[in-house]
Amino acid sequence: AYEYYDRNLLLFHDISTDEKYQRYLDSIFENDGWNSIFDEEAELDAEDRIITLSTCVGSKPDKRFLVQAVLTAES
């Protein structure tokens with residue numbers, strides 16, 4: 001979970017190849033501000049499937065708050 005710019009992630013980040021998707025996944029951990037929470041032991045690769053939830057930050061109209069999770073198992 002972290003604060004991010006008010007951008008459409010799918011339009012802003014090119015994830016069309018495994019290499020580009022991996023660069024995007026690596027960039028997630030670069031958003032380490034005072035209100036960021038990460039599982040530091042998480043290892044993500046281009047095979048992982050993630051979900052992103054996004055909401056506004058009331059006092060910052062140019063920011064969004066993202067919560068991301070990785071699928072760890074399917075039943």
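Reader: What makes up the secondary structure of the protein chain?
Author: Welcome! In this predicted model, the protein chain has two helices and three strands. Read from the N terminus, the elements follow the order β-α-α-β-β.

Reader: What share of the residues in the protein chain is buried?
Author: Of the 75 residues in the protein chain, 25% are buried.

Reader: Why is E3 called buried or exposed?
Author: Let us set its value against the cut-off. Buried means under 20% relative accessible area. E3 has 19% relative accessibility, so E3 counts as buried.

Reader: And K60, why is that residue called partly exposed?
Author: Partly exposed lies between the 20% limit for buried and the 50% limit for exposed. The relative accessible area of K60 is 27%, so K60 is partly exposed.

Reader: How do you know that K60 and E3 form a salt bridge?
Author: The rule asks for a side-chain nitrogen of Lys or Arg within 4 Å of a carboxyl oxygen of Asp or Glu. For the side chains of K60 and E3, the N to O distance is 3.3 Å, and they meet in a salt bridge. K60 lies in strand β3 and E3 in strand β1 (residues 2-5), so this pair ties together parts that are 57 residues apart in sequence.

Reader: How many salt bridges are there by this rule?
Author: The count comes to two. D14 also forms one with K20, where the closest N and O atoms are 2.8 Å apart. D14 is partly exposed at 42% relative accessibility, and K20 is partly exposed too, with a relative accessible area of 29%.

Reader: What makes E41 count as exposed?
Author: Here the cut-off is over 50% relative accessible area. E41 has 70% relative accessibility, so E41 counts as exposed. You can find E41 in the loop between α2 (18-28) and β2 (50-57).

Reader: Which residues gather with E41 in a patch of negative charge?
Author: On the surface, D26, E30, D32, D39 and E40 gather with E41 in that patch.

Reader: Which residues form a nonpolar patch on the surface?
Author: That patch is formed by I51, L53 and V67, which together have about 270 Å² of accessible area.

Reader: What makes V67 suitable for a patch?
Author: A patch residue needs over 30% relative accessible area. V67 has 36% and is partly exposed, so V67 passes that cut-off. Look for V67 in strand β3 (residues 60-70).

Notes. Residues are numbered from 1 along each chain as its sequence is written. This is a predicted model: local features need pLDDT of at least 70, side-chain atom pairs count only at pLDDT 80 or more; totals for chains, interfaces and linings use all residues. Side-chain values use heavy atoms; hydrogens and water are left out. Helices (H or I, at least four residues) and strands (E, at least two) are DSSP runs, numbered from the N terminus. Buried means under 20% relative accessible area, exposed over 50%, partly exposed in between (1.4 Å probe, protein chains only). Patches are made of residues with over 30% relative accessible area and no salt bridge: like charges are joined within 9 Å, nonpolar side chains (Val, Leu, Ile, Met, Phe, Trp, Tyr) within 5 Å. Accessible areas come from the Shrake-Rupley method with a 1.4 Å probe; for residues, only the protein chains shown count as cover. Lys and Arg count as positive and Asp and Glu as negative; His and the chain ends are not counted. The place of a charge is taken as NZ of Lys, CZ of Arg, CG of Asp or CD of Glu.
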